[in-house]
Each structure stands twice: as structure tokens, then as C-alpha cells.
Amino acid sequence: MSHESTAVSTETPAYPHLGEHGPMVDALVRSALDVFATMVALPLVAGVPTISDARPPANVIGTVGFAGSISGLVSFCGTRVASLEITAALLGSSVDAVAGDLPDAIGEVANMIAGSFRTKMSHSEDRWAITMPVVTIGEDFLQKYSSSAVRVICPLTMGTHQLFVELVLQPA
Amino acid sequence: MRVLIVDDSSTMRRIIANTLKKLGYDDVVEAGDGTEGLQKVAQGKPGLILTDWNMPKMDGREFVKTLRTQSGMEAVPVLMVTTHAERTDVVLALQAGVNDYVVKPFTPETLKEKIEALLGKTAA
Ligand SMILES: [Mg+2]
């Protein structure tokens with residue numbers, strides 16, 4: 001009887017502390033890990049996601065919207081230094097040669113994470129769509145969402161860098 | 001042999017071009033959307049096309065549908081590289097005239113195998 005709850009075992013926990021949002025957040029984190037493992041070849045380690053209104057400390061943010069039975073936004077957030085490393089790894093180039101490529105690269109990272117997330121969430125009775133990516137770069141800006149939106153911040157560690165994926169859910 | 005890459009992301013075009021270069025294909029032409037892709041085809045017929053699905057102006061499915069109506073382009077091998085991974089998506093892409101399909105994210109090995117299989121298959 002004590003084994004019943006372990007019958008469905010996955011590599012990453014579905015975050016029971018996030019309640020109904022746990023499986024969605026799990027799908028998003030697994031999408032980010034998958035994109036980095038296959039395309040970037042820089043290993044990521046997932047931390048514990050939290051529901052929070054605090055903007056993650058990041059000056060490069062790639063965002064893609066999604067719409068299905070639930071709609072909202074997925075953002076990939078990192079520092080400029082980390083984003084340059086990711087860009088260089090994607091392009092097979094060196095960090096000092098890719099500054100101009102950074103916006104498109106981070107947009108494509110966000111696109112692949114959101115696309116993979118969409119595939120995990122979408123099914124025949126509930127088809128999901130995603131938008132084109134938008135990339136924000138800078139230090140001094142405010143992001144304003146609907147006051148009733150739920151924001152989940154998922155920390156990811158890449159070597160010495162702290163990255164985040166953020167899930168913003170629009171209330172139904 | 002000329003290879004055409006159609007994708008609105010310059011990053012994805014470079015990733016694909018890097019893999020092609022390793023396979024010995026140096027004659028690579030790039031386009032940022034389907035409309036530009038058709039212009040590049042008119043300038044010199046490619047022997048292989050890799051195209052994204054989601055693009056502004058003209059998406060990958062429209063691009064391939066139009067491509068297939070053009071003389072000499074009815075049978076050119078086309079590989080779609082996209083985040084669309086559902087079975088219904090693959091069916092729609094095949095109906096548009098795509099020969100094979102790679103889901104992003106992909107490893108360089110997967111892309112290499114798909115390209116080699118496609119060229120081997122259609123060359124027969
Ligand atoms: Mg695209």
C-alpha cells in the first residue's frame with residue numbers, strides 16, 4: 001500500500017507545493033532542461049520554483065505567449081554575460097564574437113522552450129498556440145502584468161550563472 | 001549542391017548551416033521567410049531545402065505548397081525544422097509537400113541523419 005504513490009515516477013517532481021500549477025511548471029522546467037541539453041550543450045540544474053511577483057534579476061529576457069485552455073507567457077531570463085555564453089554555445093562561436101547575435105539567439109531559446117512546453121500541454125481536444133518571441137534587453141524597466149496573474153519563477157543554474165524561466169498565467 | 005535554409009531566426013540558420021558545413025555542403029543560401037525563400041529559389045535551384053514552419057509574411061507550409069507548383073521544384077527534398085511536434089502537425093506538413101520533419105530542439109546528429117537519409121532516399 002505504501003508503494004502506491006510511487007507507481008507513477010518521473011525524473012523531476014511535479015512540484016506539489018505549487019498545487020494545481022505544479023504539472024504545468026514541471027512541463028516548463030523539463031522543456032528548458034531539454035533545450036539546453038540538446039541545443040546549447042551547457043548543463044542546467046533546476047532549483048525549486050516559487051510563486052512570486054518579484055522580477056527575476058535579469059537584463060536579457062526572451063518572452064513567448066501561449067494560448068489554449070489556459071493562456072499566458074513563458075519567459076527565459078538571464079544576465080547579459082550568461083546570455084552571451086548561451087549564444088556562443090548555440091552558434092559554435094566565441095563569446096567575444098556574438099554580441100550582435102544575442103537578441104535573436106535568446107529569442108530562439110525562448111521559442112524552443114515555449115514550443116516544447118506547448119507540445120507537452122497541447123492535445124487533440126485542447127490545441128495550444130504560441131506567439132513569436134520578443135526579446136527585452138536592458139537594466140531599467142518595469143514589467144506590468146494583470147494584478148490577478150499568477151507568476152511562477154523557476155531558478156536554473158548554469159555553471160556559475162543563475163538563470164530563470166518564468167510562467168505567467170492569465171486568470172481564467 | 002546548393003542548399004537553401006528558410007528560417008526567420010538567424011541563430012537557427014547558423015546552427016543548420018554549421019551542420020551542413022560539417023557534412024561538406026558549403027554552398028548554402030539563406031532566407032528569412034517563405035517569400036524570400038521563393039525569391040532565392042528563382043535565383044538558383046537548390047538541391048535540398050530546410051525550412052522552418054512559423055515565420056512572418058509566408059510560413060513554411062505556404063512556402064512548400066507554392067514551391068511544389070514551380071517547375072523543377074516538384075521533387076526537391078524538403079526537410080521541415082520546427083517546434084511543432086504533434087502528430088496532426090506532422091500530417092499537415094506532409095500534406096503541404098514536406099518530405100521529412102525535425103523537431104526543435106534537436107541534436108546535430110539527428111539533423112545530420114535526417115539530411116543524409118533524405119538525400120539518399122530521393123537520389124535513388
Ligand atoms: Mg520561426
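Donors of a metal are N, O and S atoms within 2.8 Å of it. This model is predicted. The exercises below start at the metal and then move outward.

**Exercise 1. The magnesium site**

Find which protein atoms are donors of the magnesium ion, and what spacing they follow along the chain.

Solution.
- Step 1. Look for the protein donors. They are B:Asp8 (OD), B:Asp52 (OD) and B:Asn54 (O).
- Step 2. Read the distances. These donors lie 2.1 to 2.3 Å from the ion, within the 2.8 Å cut-off.
- Step 3. Write the pattern. Along the chain the donors follow D-x43-D-x1-N.
- Step 4. Check exposure. B:Asp52 has 4% relative accessibility, under 20%, so B:Asp52 counts as buried. B:Asn54 has a relative accessible area of 29%, so B:Asn54 is partly exposed.

**Exercise 2. A salt-bridge network**

Work out which residues are joined with B:Lys104 into one network of salt bridges.

Solution.
- Step 1. Start across the chains. The side chains of A:Glu108 and B:Lys104 meet in a salt bridge, 2.8 Å from N to O.
- Step 2. Place the two partners. A:Glu108 sits in helix H3 (residues 102-121) of chain A, and B:Lys104 in the loop between strand E5 (100-103) and helix H5 (108-123) of chain B, so this pair joins two chains.
- Step 3. Stay within chain B. B:Asp7 also forms a salt bridge with B:Lys104, with the closest N and O atoms 3.9 Å apart.
- Step 4. Place B:Asp7. This residue lies in the loop between strand E1 (3-6) and H1 of chain B, so its pair with B:Lys104 ties together parts that are 97 residues apart in sequence.
- Step 5. Check burial. A:Glu108 and B:Lys104 are both buried. The relative accessible area is 2% for B:Lys104 and 1% for B:Asp7, which is buried too.
- Step 6. Join the pairs. Salt bridges with shared partners link A:Glu108, B:Asp7, B:Asp52 and B:Lys104 into one network. B:Asp52 is also a donor of the magnesium ion.

**Exercise 3. A salt bridge within chain B**

Decide whether B:Asp33 and B:Lys57 are each buried or exposed.

Solution.
- Step 1. Find the pair. The side chains of B:Asp33 and B:Lys57 meet in a salt bridge at 3.8 Å, N to O.
- Step 2. Locate both ends. B:Asp33 is in the loop between strand E2 (28-31) and helix H2 (34-43) of chain B. B:Lys57 is in the loop between strand E3 (48-51) and helix H3 (60-67) of chain B. The two are 24 residues apart, and the pair links distant parts of the chain.
- Step 3. Apply the cut-offs. B:Asp33 is at 7%, under 20%, so B:Asp33 is buried. B:Lys57 is at 75%, over 50%, so B:Lys57 is exposed.

**Exercise 4. The interface of chains A and B**

Describe how much area the two chains bury, and which residues and elements of chain B take part.

Solution.
- Step 1. Count the residues. 22 residues of chain B are in contact with 21 residues of chain A.
- Step 2. Take the area. The chains bury about 1800 Å² between them, 52% of it on carbon and sulfur atoms.
- Step 3. Pick out the main contributors. B:Thr11, B:Glu86 and B:Pro105 supply 32% of the area that chain B buries against chain A, more than any other three residues.
- Step 4. Count the salt bridges. There are 6 between the chains, while the structure holds 16 over all chains. One across the interface pairs B:Glu86 with A:Arg127, at 3.1 Å from N to O.
- Step 5. Add the polar contacts. 12 residue pairs are in polar contact across the interface.
- Step 6. Name the elements. Helix H1 (10-22) and helix H4 (87-96) of chain B each give two or more residues to the side that touches chain A. H1(B) gives the largest share, 6 residues.
- Step 7. Sort by class. This side of chain B has 8 nonpolar, 9 polar and 5 charged residues.

**Exercise 5. A buried pair in chain A**

Find where A:Leu169 and A:His21 lie, and which residues each contacts.

Solution.
- Step 1. Place A:Leu169. It belongs to strand E8 (residues 161-169) of chain A. Its relative accessible area is 5%, so A:Leu169 is buried.
- Step 2. List contacts beyond four places in sequence. Those of A:Leu169 include A:His21, A:Phe66, A:Ile70 and A:Val150.
- Step 3. Check one distance. The C-alpha atoms of A:Leu169 and A:Val150 are 5.1 Å apart, across 19 residues of chain.
- Step 4. Turn to A:His21. This residue is in the segment before helix H1 (22-40) of chain A. A:His21 is buried at 15%.
- Step 5. List its contacts likewise. Beyond four places in sequence, A:His21 is in contact with A:Ile51, A:Val150 and A:Leu169.

Notes. Residues are numbered from 1 along each chain as its sequence is written. Chains are lettered from A and ligands numbered from 1 in the order in which they are written. This is a predicted model: local features need pLDDT of at least 70, side-chain atom pairs count only at pLDDT 80 or more; totals for chains, interfaces and linings use all residues. Side-chain values use heavy atoms; hydrogens and water are left out. Contact means heavy atoms within 4.5 Å. Buried area is the accessible area (1.4 Å probe) that two parts lose on being put together, summed over both. A salt bridge is a side-chain nitrogen of Lys or Arg within 4 Å of a carboxyl oxygen of Asp or Glu. A polar contact is a pair of N or O atoms within 3.5 Å; within protein, one must be able to donate a hydrogen and the other to accept it, and residues adjacent in sequence count only if both atoms are side-chain atoms. Helices (H or I, at least four residues) and strands (E, at least two) are DSSP runs, numbered from the N terminus. Ala, Val, Leu, Ile, Met, Phe, Trp, Tyr, Cys and Pro count as nonpolar, Asp, Glu, Lys and Arg as charged, and the others, Gly among them, as polar. Buried means under 20% relative accessible area, exposed over 50%, partly exposed in between (1.4 Å probe, protein chains only). Donors are N, O and S atoms within 2.8 Å of the metal (3.2 Å for Na, K and Ca); water is not among the atoms, so sites may look incomplete.
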